[in-house]
Amino acid sequence: MKELRGKVAVITGGAGGIGRAMAERFLAEGMKVVIADINQDALDQAVGEMAADGAEIAGVRTDVSKLESVEALRDATLDRFGAVHVLCNNAGVASGAHGKVWEHEINDWRFAFSVHVYGVINGINAFVPHLLEQGGEAHIVNTSSNNGGFSPIASAATYATVKSAVVTLSECLWGQLHEVGSDIGVSVLFPTGKTKGILDTGIWAAAERPPEFAPDEPVDTSNKMQMWIQMQEAAGTPVVFTPLSEVAETVVDGLYANRFWMVEEGRFEEAVQARTDIILRRADPDYQVG
Ligand SMILES: NC(=O)c1ccc[n+]([C@@H]2O[C@H](COP(=O)([O-])OP(=O)(O)OC[C@H]3O[C@@H](n4cnc5c(N)ncnc54)[C@H](O)[C@@H]3O)[C@@H](O)[C@H]2O)c1
(Lines give C-alpha, C1' and ligand atoms only; values in the text may rest on other atoms or scores of the structure.)
Protein backbone atom coordinates (compact mmCIF):
# COMPACT_ATOMS: atom_id res chain seq x y z
CA MET A 1 0.00 0.00 0.00
CA LYS A 2 1.42 3.38 -0.93
CA GLU A 3 -0.74 5.22 1.58
CA LEU A 4 -2.75 4.10 4.61
CA ARG A 5 -4.17 7.47 5.70
CA GLY A 6 -7.90 7.66 4.98
CA LYS A 7 -8.08 3.98 3.99
CA VAL A 8 -10.46 1.46 5.60
CA ALA A 9 -9.27 -1.64 7.47
CA VAL A 10 -11.31 -4.60 8.70
CA ILE A 11 -9.73 -6.74 11.42
CA THR A 12 -11.26 -10.02 12.58
CA GLY A 13 -10.54 -10.96 16.17
CA GLY A 14 -10.05 -7.21 16.61
CA ALA A 15 -11.45 -6.90 20.13
CA GLY A 16 -8.33 -8.24 21.82
CA GLY A 17 -4.71 -9.24 21.56
CA ILE A 18 -2.89 -8.80 18.26
CA GLY A 19 -6.04 -7.69 16.41
CA ARG A 20 -6.62 -4.84 18.80
CA ALA A 21 -2.97 -3.78 18.60
CA MET A 22 -3.35 -3.62 14.82
CA ALA A 23 -6.52 -1.54 15.20
CA GLU A 24 -4.76 0.96 17.48
CA ARG A 25 -1.84 1.27 15.09
CA PHE A 26 -4.06 1.61 12.01
CA LEU A 27 -5.99 4.40 13.73
CA ALA A 28 -2.70 6.12 14.54
CA GLU A 29 -1.89 5.90 10.80
CA GLY A 30 -5.12 7.81 10.09
CA MET A 31 -7.13 4.82 8.88
CA LYS A 32 -10.79 4.07 9.48
CA VAL A 33 -11.15 0.76 11.26
CA VAL A 34 -13.82 -1.91 11.67
CA ILE A 35 -13.09 -4.50 14.32
CA ALA A 36 -15.00 -7.77 14.11
CA ASP A 37 -15.20 -10.23 16.97
CA ILE A 38 -17.40 -12.98 18.32
CA ASN A 39 -17.15 -11.57 21.84
CA GLN A 40 -19.71 -8.74 22.04
CA ASP A 41 -18.61 -7.44 25.47
CA ALA A 42 -14.96 -7.26 24.46
CA LEU A 43 -15.99 -5.62 21.20
CA ASP A 44 -18.03 -2.93 22.96
CA GLN A 45 -15.23 -2.25 25.40
CA ALA A 46 -12.57 -2.06 22.70
CA VAL A 47 -14.62 0.26 20.49
CA GLY A 48 -15.46 2.45 23.51
CA GLU A 49 -11.81 2.80 24.47
CA MET A 50 -10.47 3.36 20.97
CA ALA A 51 -13.24 5.76 19.96
CA ALA A 52 -12.34 8.01 22.87
CA ASP A 53 -10.21 10.38 20.79
CA GLY A 54 -12.80 10.73 18.06
CA ALA A 55 -11.20 7.95 16.03
CA GLU A 56 -13.23 6.52 13.15
CA ILE A 57 -13.88 3.03 14.45
CA ALA A 58 -16.82 0.63 14.41
CA GLY A 59 -17.37 -2.81 15.91
CA VAL A 60 -19.36 -5.55 14.21
CA ARG A 61 -20.13 -8.78 16.02
CA THR A 62 -19.00 -11.51 13.66
CA ASP A 63 -18.47 -15.24 13.75
CA VAL A 64 -15.76 -15.82 11.14
CA SER A 65 -16.63 -19.50 10.92
CA LYS A 66 -19.96 -18.59 9.25
CA LEU A 67 -19.87 -17.19 5.72
CA GLU A 68 -23.13 -15.26 6.15
CA SER A 69 -21.72 -13.54 9.23
CA VAL A 70 -18.59 -12.44 7.33
CA GLU A 71 -20.75 -11.25 4.41
CA ALA A 72 -22.76 -9.18 6.89
CA LEU A 73 -19.45 -7.74 8.18
CA ARG A 74 -18.51 -6.71 4.63
CA ASP A 75 -21.92 -5.07 4.10
CA ALA A 76 -21.78 -3.26 7.45
CA THR A 77 -18.30 -1.95 6.59
CA LEU A 78 -19.43 -0.67 3.20
CA ASP A 79 -22.52 0.95 4.77
CA ARG A 80 -20.39 2.73 7.34
CA PHE A 81 -17.26 3.68 5.40
CA GLY A 82 -18.11 3.05 1.71
CA ALA A 83 -14.99 1.00 0.89
CA VAL A 84 -12.53 -1.59 2.19
CA HIS A 85 -8.78 -1.52 1.57
CA VAL A 86 -7.14 -3.76 4.17
CA LEU A 87 -8.60 -7.03 5.47
CA CYS A 88 -6.85 -8.79 8.35
CA ASN A 89 -8.10 -12.37 8.75
CA ASN A 90 -6.77 -12.68 12.26
CA ALA A 91 -9.41 -14.24 14.54
CA GLY A 92 -8.11 -17.33 16.29
CA VAL A 93 -8.76 -19.74 19.12
CA ALA A 94 -6.95 -22.29 21.16
CA SER A 95 -9.13 -25.39 21.02
CA GLY A 96 -7.70 -26.80 24.25
CA ALA A 97 -6.95 -30.00 22.32
CA HIS A 98 -3.56 -31.57 22.89
CA GLY A 99 -2.33 -35.09 22.44
CA LYS A 100 -2.00 -37.78 19.84
CA VAL A 101 -3.31 -37.02 16.36
CA TRP A 102 -5.22 -40.30 16.23
CA GLU A 103 -6.77 -39.75 19.65
CA HIS A 104 -8.25 -36.30 19.05
CA GLU A 105 -11.99 -36.05 19.05
CA ILE A 106 -13.23 -35.13 15.59
CA ASN A 107 -14.70 -31.91 17.05
CA ASP A 108 -11.19 -30.78 18.07
CA TRP A 109 -10.36 -30.65 14.36
CA ARG A 110 -13.71 -29.24 13.29
CA PHE A 111 -13.53 -26.40 15.80
CA ALA A 112 -9.95 -25.48 14.89
CA PHE A 113 -10.70 -25.63 11.14
CA SER A 114 -13.95 -23.67 11.52
CA VAL A 115 -12.21 -20.59 12.94
CA HIS A 116 -8.66 -20.70 11.60
CA VAL A 117 -9.21 -22.10 8.11
CA TYR A 118 -12.86 -21.40 7.27
CA GLY A 119 -12.45 -18.02 8.98
CA VAL A 120 -9.83 -17.09 6.38
CA ILE A 121 -11.70 -18.75 3.50
CA ASN A 122 -14.89 -16.89 4.46
CA GLY A 123 -12.95 -13.61 4.62
CA ILE A 124 -11.56 -14.20 1.13
CA ASN A 125 -14.91 -15.37 -0.24
CA ALA A 126 -16.84 -12.40 1.15
CA PHE A 127 -14.32 -9.64 0.47
CA VAL A 128 -12.12 -10.45 -2.56
CA PRO A 129 -14.87 -10.22 -5.23
CA HIS A 130 -15.74 -6.81 -3.80
CA LEU A 131 -12.09 -5.70 -3.72
CA LEU A 132 -11.65 -6.72 -7.36
CA GLU A 133 -14.77 -4.82 -8.34
CA GLN A 134 -13.77 -1.80 -6.27
CA GLY A 135 -10.39 -1.66 -8.07
CA GLY A 136 -7.25 0.08 -6.88
CA GLU A 137 -4.91 -0.92 -4.10
CA ALA A 138 -5.98 -3.29 -1.35
CA HIS A 139 -4.29 -5.83 0.89
CA ILE A 140 -5.19 -9.03 2.74
CA VAL A 141 -3.22 -10.08 5.83
CA ASN A 142 -3.76 -13.66 7.05
CA THR A 143 -2.44 -14.46 10.52
CA SER A 144 -0.53 -17.75 10.74
CA SER A 145 2.06 -18.85 13.29
CA ASN A 146 5.56 -20.27 13.23
CA ASN A 147 3.87 -23.44 14.54
CA GLY A 148 2.18 -23.73 11.19
CA GLY A 149 4.71 -22.16 8.93
CA PHE A 150 7.88 -24.09 9.60
CA SER A 151 8.27 -25.35 13.17
CA PRO A 152 5.19 -27.39 14.02
CA ILE A 153 4.87 -28.49 17.62
CA ALA A 154 3.85 -32.15 17.48
CA SER A 155 1.82 -31.89 20.69
CA ALA A 156 -0.38 -29.13 19.24
CA ALA A 157 -1.28 -30.87 15.99
CA THR A 158 -4.64 -29.23 15.32
CA TYR A 159 -3.18 -25.73 15.71
CA ALA A 160 -0.08 -26.53 13.63
CA THR A 161 -2.22 -28.06 10.88
CA VAL A 162 -4.64 -25.16 10.56
CA LYS A 163 -1.89 -22.55 10.65
CA SER A 164 -0.04 -24.43 7.94
CA ALA A 165 -3.23 -24.35 5.83
CA VAL A 166 -3.32 -20.56 6.23
CA VAL A 167 0.16 -20.32 4.71
CA THR A 168 -0.70 -22.45 1.65
CA LEU A 169 -4.05 -20.75 1.16
CA SER A 170 -2.32 -17.36 1.21
CA GLU A 171 0.32 -18.48 -1.30
CA CYS A 172 -2.40 -19.69 -3.68
CA LEU A 173 -4.36 -16.46 -3.24
CA TRP A 174 -1.26 -14.36 -3.92
CA GLY A 175 -0.47 -16.37 -7.05
CA GLN A 176 -3.97 -16.09 -8.47
CA LEU A 177 -4.38 -12.38 -7.72
CA HIS A 178 -1.00 -11.81 -9.35
CA GLU A 179 -2.10 -13.84 -12.38
CA VAL A 180 -5.19 -11.69 -12.95
CA GLY A 181 -3.09 -8.54 -12.62
CA SER A 182 -4.92 -7.19 -9.59
CA ASP A 183 -3.54 -4.57 -7.22
CA ILE A 184 -4.48 -6.64 -4.16
CA GLY A 185 -1.50 -7.61 -2.04
CA VAL A 186 -1.46 -10.66 0.23
CA SER A 187 0.59 -11.35 3.36
CA VAL A 188 1.08 -14.10 5.87
CA LEU A 189 1.65 -12.68 9.33
CA PHE A 190 3.89 -14.57 11.74
CA PRO A 191 3.24 -12.44 14.83
CA THR A 192 6.67 -11.13 15.77
CA GLY A 193 8.20 -7.83 16.79
CA LYS A 194 11.65 -6.38 17.38
CA THR A 195 11.65 -7.84 20.89
CA LYS A 196 11.86 -11.62 20.85
CA GLY A 197 9.46 -12.86 23.51
CA ILE A 198 6.05 -14.06 24.60
CA LEU A 199 2.88 -12.46 23.27
CA ASP A 200 0.53 -11.81 26.17
CA THR A 201 -2.87 -12.36 24.52
CA GLY A 202 -6.07 -14.30 25.15
CA ILE A 203 -4.95 -17.29 23.07
CA TRP A 204 -3.21 -18.85 26.08
CA ALA A 205 -6.60 -20.02 27.37
CA ALA A 206 -8.80 -22.41 25.37
CA ALA A 207 -11.89 -20.76 23.93
CA GLU A 208 -15.41 -21.70 24.84
CA ARG A 209 -16.73 -23.83 21.99
CA PRO A 210 -20.05 -23.39 20.22
CA PRO A 211 -22.46 -26.31 20.83
CA GLU A 212 -21.85 -27.86 17.38
CA PHE A 213 -18.16 -28.37 18.25
CA ALA A 214 -18.62 -29.30 21.91
CA PRO A 215 -16.08 -31.90 23.06
CA ASP A 216 -17.21 -35.22 24.58
CA GLU A 217 -14.59 -34.83 27.31
CA PRO A 218 -14.26 -31.35 28.88
CA VAL A 219 -11.07 -29.57 27.79
CA ASP A 220 -8.75 -27.65 30.10
CA THR A 221 -9.61 -23.98 29.65
CA SER A 222 -7.11 -22.60 32.15
CA ASN A 223 -4.62 -19.96 31.03
CA LYS A 224 -1.38 -21.69 30.04
CA MET A 225 0.85 -18.62 29.99
CA GLN A 226 1.93 -18.97 33.61
CA MET A 227 2.93 -22.59 32.98
CA TRP A 228 4.98 -21.51 29.96
CA ILE A 229 6.70 -18.81 32.00
CA GLN A 230 7.58 -21.36 34.70
CA MET A 231 9.03 -23.69 32.06
CA GLN A 232 11.15 -20.83 30.68
CA GLU A 233 12.36 -19.93 34.15
CA ALA A 234 13.16 -23.56 34.95
CA ALA A 235 15.20 -23.75 31.74
CA GLY A 236 17.07 -20.59 32.79
CA THR A 237 15.61 -18.65 29.84
CA PRO A 238 14.82 -15.04 30.68
CA VAL A 239 11.11 -14.29 30.37
CA VAL A 240 10.58 -11.46 27.92
CA PHE A 241 7.32 -10.12 26.53
CA THR A 242 6.97 -8.76 23.01
CA PRO A 243 4.85 -5.59 23.12
CA LEU A 244 1.86 -6.20 20.84
CA SER A 245 2.47 -2.76 19.32
CA GLU A 246 5.65 -4.24 17.84
CA VAL A 247 3.60 -6.88 16.01
CA ALA A 248 1.41 -4.07 14.67
CA GLU A 249 4.60 -2.33 13.55
CA THR A 250 5.59 -5.48 11.61
CA VAL A 251 2.18 -5.35 9.89
CA VAL A 252 2.28 -1.65 8.99
CA ASP A 253 5.86 -1.92 7.78
CA GLY A 254 4.86 -4.96 5.68
CA LEU A 255 1.85 -3.16 4.22
CA TYR A 256 3.96 -0.23 3.04
CA ALA A 257 6.56 -2.64 1.64
CA ASN A 258 3.92 -4.97 0.08
CA ARG A 259 5.70 -7.81 1.87
CA PHE A 260 4.22 -11.33 1.57
CA TRP A 261 6.05 -12.75 4.62
CA MET A 262 5.28 -10.44 7.52
CA VAL A 263 7.87 -11.56 10.02
CA GLU A 264 10.66 -9.81 11.87
CA GLU A 265 13.77 -10.10 9.71
CA GLY A 266 15.96 -13.08 10.61
CA ARG A 267 13.47 -14.53 13.10
CA PHE A 268 13.00 -18.32 12.95
CA GLU A 269 15.93 -18.50 10.54
CA GLU A 270 17.28 -21.70 12.06
CA ALA A 271 13.87 -23.41 11.96
CA VAL A 272 13.27 -22.43 8.32
CA GLN A 273 16.77 -23.54 7.37
CA ALA A 274 16.46 -26.81 9.29
CA ARG A 275 13.17 -27.71 7.64
CA THR A 276 14.47 -26.86 4.17
CA ASP A 277 17.67 -28.86 4.72
CA ILE A 278 15.70 -31.86 5.94
CA ILE A 279 13.44 -31.80 2.86
CA LEU A 280 16.46 -31.50 0.56
CA ARG A 281 18.24 -34.37 2.31
CA ARG A 282 15.04 -36.45 2.63
CA ALA A 283 15.94 -36.96 6.27
CA ASP A 284 13.63 -37.85 9.14
CA PRO A 285 11.93 -34.79 10.61
CA ASP A 286 13.34 -35.32 14.13
CA TYR A 287 13.57 -31.58 14.64
CA GLN A 288 9.78 -31.28 14.56
CA VAL A 289 9.08 -33.23 17.71
CA GLY A 290 8.38 -30.74 20.42
N1 LIG B 1 -0.45 -14.96 20.84
C2 LIG B 1 0.44 -15.71 20.21
O3 LIG B 1 1.45 -16.15 20.79
C4 LIG B 1 0.23 -16.02 18.75
C5 LIG B 1 1.32 -16.54 18.02
C6 LIG B 1 1.14 -16.85 16.69
C7 LIG B 1 -0.10 -16.64 16.09
N8 LIG B 1 -1.15 -16.15 16.82
C9 LIG B 1 -2.42 -15.92 16.12
O10 LIG B 1 -2.77 -14.56 16.24
C11 LIG B 1 -4.18 -14.40 16.05
C12 LIG B 1 -4.73 -13.50 17.12
O13 LIG B 1 -4.68 -14.19 18.37
P14 LIG B 1 -4.26 -13.49 19.72
O15 LIG B 1 -3.00 -14.13 20.16
O16 LIG B 1 -4.32 -12.02 19.61
O17 LIG B 1 -5.40 -14.07 20.69
P18 LIG B 1 -6.66 -13.36 21.38
O19 LIG B 1 -7.42 -14.47 22.01
O20 LIG B 1 -6.21 -12.27 22.26
O21 LIG B 1 -7.46 -12.75 20.16
C22 LIG B 1 -8.24 -13.55 19.30
C23 LIG B 1 -9.59 -12.87 19.09
O24 LIG B 1 -10.35 -13.64 18.15
C25 LIG B 1 -11.72 -13.64 18.60
N26 LIG B 1 -12.43 -14.80 18.03
C27 LIG B 1 -12.35 -16.10 18.39
N28 LIG B 1 -13.19 -16.85 17.64
C29 LIG B 1 -13.80 -16.01 16.78
C30 LIG B 1 -14.76 -16.19 15.76
N31 LIG B 1 -15.28 -17.40 15.49
N32 LIG B 1 -15.17 -15.11 15.05
C33 LIG B 1 -14.67 -13.87 15.34
N34 LIG B 1 -13.77 -13.64 16.32
C35 LIG B 1 -13.33 -14.70 17.01
C36 LIG B 1 -11.59 -13.71 20.12
O37 LIG B 1 -12.80 -13.32 20.76
C38 LIG B 1 -10.41 -12.78 20.38
O39 LIG B 1 -10.82 -11.45 20.61
C40 LIG B 1 -4.75 -15.82 16.06
O41 LIG B 1 -5.00 -16.23 14.73
C42 LIG B 1 -3.64 -16.65 16.68
O43 LIG B 1 -3.70 -17.99 16.31
C44 LIG B 1 -1.00 -15.82 18.13
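Select Cys88 and Val141: Cys88 stands opposite Val141, a residue of strand S5. Strands here are DSSP runs of type E with at least two residues, helices are runs of type H or I with at least four, and both are numbered from the N terminus. The model is predicted, so local features need pLDDT of at least 70 and side-chain atom pairs count only at pLDDT 80 or more, whereas totals for chains, interfaces and linings use all residues. Residues are numbered from 1 along each chain as its sequence is written, and side-chain values use heavy atoms, with hydrogens and water left out.

**Stop 1: strand S5 and its neighbours**

Next, select residues 86-89, which form strand S4, together with S5; the two pair in the parallel sense over four bridges. Two strands count as paired if DSSP finds at least two bridges between them. Follow the chain from S4 through helix H4 (residues 106-134) to S5: this β-α-β crossover is right-handed. Right-handed means that, with the strands pointing away from the viewer, the path from the first strand over the helix to the second runs clockwise.

Now select strand S6, residues 184-189, which runs parallel to S5 and is joined to it by six bridges. Here Val141 stands opposite Ser187 of S6.

Is S5 mostly covered or mostly open? Selecting residues 138-143 shows that S5 is mostly covered, with six of its six residues buried. Buried means under 20% relative accessible area, exposed means over 50%, and partly exposed lies in between (1.4 Å probe, protein chains only). Ala138, Ile140 and Asn142 point one way from the strand, while His139, Val141 and Thr143 point the other way.

Pause at Asn142, which lies in S5. Asn142 counts as buried because its relative accessibility is 0%. Add Ile124 to the selection: the C-alpha atoms of Asn142 and Ile124 are 9.8 Å apart, and the two residues are separated by 18 residues along the chain.

**Stop 2: the whole sheet**

Display the seven strands, which form an open sheet with parallel pairing in the order S3-S2-S1-S4-S5-S6-S7. S3 and strand S7 (261-262) stand at the edges with a single partner strand each, so one side of each has no neighbour in the sheet. Then select strand S1 (residues 8-12), which runs parallel to S4 and is joined to it by three bridges. Ala9 has Val86 in S4 as its bridge partner.

**Stop 3: the ligand**

Select the ligand and the residues around it. Which residues are the closest? Of the 26 residues that surround the ligand (a heavy atom within 4 Å), the closest are Ile18, Asp37, Tyr159, Thr201 and Gly202.

Three distances can be checked here. A polar side-chain atom of Asp37 is 2.6 Å from a ligand oxygen atom, and a polar side-chain atom of Lys163 is 2.9 Å from a ligand oxygen atom. At Ile203, a polar backbone atom is 3.3 Å from an oxygen atom of the ligand. The protein covers 89% of the 820 Å² of accessible area that the ligand has on its own. Helix H1 (17-28), H4 and helix H6 (157-179) are the elements that give two or more residues to the shell.

**Stop 4: Ser65**

Finally, select Ser65, in the loop between strand S3 (57-61) and helix H3 (67-81). Ser65 is buried, because its relative accessible area is 17%.

Terms used: Polar contact = N/O pair within 3.5 Å; in protein donor to acceptor, adjacent residues only side chain to side chain. Areas by Shrake-Rupley, 256 points an atom, 1.4 Å probe, with all protein chains shown as cover.
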